[in-house]
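Grab a coffee and open the viewer. Below are some short exercises, each with a worked solution that you can follow on screen.

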Amino acid sequence: MRAVEIVEESLPVAAHEDDAVHVLRLVASQRLPGLIVTRGTARPPLVVSTVDILRSLVPAYVQESPCLAHVYDEEHADRIADDLAGRRIGDIVPPSPAQLAVVDGQATLIELASVMIQLRCPLVGVRDGQHLRGVITASQVLECLLSPSLPRQARPRTSRG
């Protein structure tokens, strides 16, 4: 199976200036492993993982000493994302974000998996010539590796819940 056969052309891509709350609600509702953030045409896109997003929400002192997480009662924990109001997605990009790894549409599943492993990145872009066609997630690669004999559309879907 080749990358071009499983590429997702409809995964959301955010611009650096987009509203953070709106974009993150989209990531959460679609249960995406991360997000691609563009920064104009002259600079390569970045990958912001859901872990990076969580890191931007949880105060640094709690990240440094997880035992301090208990100081947040439910009411305050439920409102931790309120600080994102009015911020751009570019404001929460980590200081050293990963650049989006891009593979050719003819890349195999093993090539995709090896790029994801090497870069520790749950998303890989797929290009068609110079055009970014879409993205493949680590979950898609895993699904295809586990069910190589079934066409993608015929694979059974499990319900969540």
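## Warm-up: the whole chain

In this protein, residues 24 or more positions apart account for 55% of the contacts with a separation of 6 or more. Keep in mind that the model is a predicted one.

**Exercise 1.** Work out how many helices and strands the protein has and in what pattern they follow one another.

*Solution.* Start with the count: the protein has 7 helices and 7 strands. Next, walk along the sequence, and the pattern reads α-β-α-β-β-α-α-α-β-β-α-β-β-α. Then look at the surface: about 10200 Å² is exposed, and carbon and sulfur atoms supply 53% of it. Finally, turn to burial: 36% of the 161 residues count as buried.

## The open sheet

**Exercise 2.** Find the order of the strands in the open sheet of 4 strands, and say which strands stand at its edges.

*Solution.* Step one is the order, which is 1-2-3-4, with mixed pairing. Step two is the edges: strand 1 (13-15) and strand 4 each have a single partner strand, so one side of each is left without a neighbour in the sheet. Step three adds a helix: helix 3 (residues 50-57) packs on the sheet and touches strand 2 and strand 3. The direction of helix 3 makes about 65° with that of strand 3.

**Exercise 3.** Describe how strand 3 pairs with strand 2 and with strand 4, naming a bridge partner in each case.

*Solution.* Take strand 2 (residues 34-38) to begin with: 4 bridges join it to strand 3, and the two run antiparallel. Within this pairing, Leu35 has Val48 of strand 3 as its bridge partner. Now move to strand 4 (residues 98-99), which pairs with strand 3 over 2 bridges, again in the antiparallel sense. Here the bridge partner of Leu46 is Gln99 in strand 4.

**Exercise 4.** Sort the residues of strand 3 (residues 46-49) by the way they point, and decide whether they are buried or exposed.

*Solution.* Begin with the general rule: in a regular strand, side chains alternate between the two faces of the sheet. In strand 3, Leu46 and Val48 point one way, while Val47 and Ser49 point the other way. As for burial, all of these residues are buried.

## Two helices, two faces

**Exercise 5.** List the buried residues of helix 6 and explain why they line one face of the helix.

*Solution.* The buried residues in helix 6 are Leu109, Leu112, Ala113, Val115 and Met116. Looking down the axis of helix 6, you find these buried residues within an arc of 160°, so they line one face of the helix. Ile110, Ile117 and Gln118 are exposed on the other side of helix 6. For the cover over the buried residues of helix 6, look at helix 1, strand 5 (102-104), strand 6 (123-128), strand 7 and helix 7, which are included in it. One last stop is Arg120, just after helix 6, with a positive phi of about 50°.

**Exercise 6.** Do the same for helix 7 (residues 138-146): which residues are buried, and which are exposed on the face turned away from the buried side?

*Solution.* Gln140, Val141, Glu143 and Cys144 are the buried residues in helix 7. They cover an arc of only 160° around the axis, which puts them on the same side of helix 7. On the face turned away from that buried side, you meet the exposed residues Ser139 and Leu146. The cover over the buried residues of helix 7 includes helix 1 (3-6), helix 6 (109-119) and strand 7 (131-137).

## Single residues

**Exercise 7.** Decide whether Cys121 and Cys144 are buried or exposed, and state how many disulfides the structure holds.

*Solution.* The cut-off for buried is under 20% relative accessible area. Cys121 has 7% relative accessibility, so it counts as buried. Cys144 has 1% and therefore counts as buried too. The structure holds 0 disulfides.

**Exercise 8.** Place Ala101 and Asp83 in their loops, and decide whether each is buried or exposed.

*Solution.* Ala101 lies in the loop between strand 4 and strand 5. At 10% relative accessibility, Ala101 counts as buried. Leaving aside neighbours within four places in sequence, Ala101 is in contact with Val115, Leu119, Val124 and Gly125. Asp83 lies in the loop between helix 5 (74-78) and strand 4. With 60% relative accessibility, Asp83 counts as exposed. Asp83 and Val21 are 62 residues apart in sequence, and their C-alpha atoms are 9.5 Å apart in space.

Terms used. Residues are numbered from 1 along each chain as its sequence is written. This is a predicted model: local features need pLDDT of at least 70, side-chain atom pairs count only at pLDDT 80 or more; totals for chains, interfaces and linings use all residues. Side-chain values use heavy atoms; hydrogens and water are left out. A disulfide is a pair of cysteine sulfur atoms within 2.5 Å. Buried means under 20% relative accessible area, exposed over 50%, partly exposed in between (1.4 Å probe, protein chains only). The arc is that of the directions from the helix axis to the C-beta atoms. Contact means heavy atoms within 4.5 Å. Two strands pair if DSSP finds at least two bridges between them. Axes are lines fitted to C-alpha atoms, for helices over the stretch in contact, and angles run from 0 to 180 degrees between N-to-C directions. Accessible areas come from the Shrake-Rupley method with a 1.4 Å probe; for residues, only the protein chains shown count as cover.
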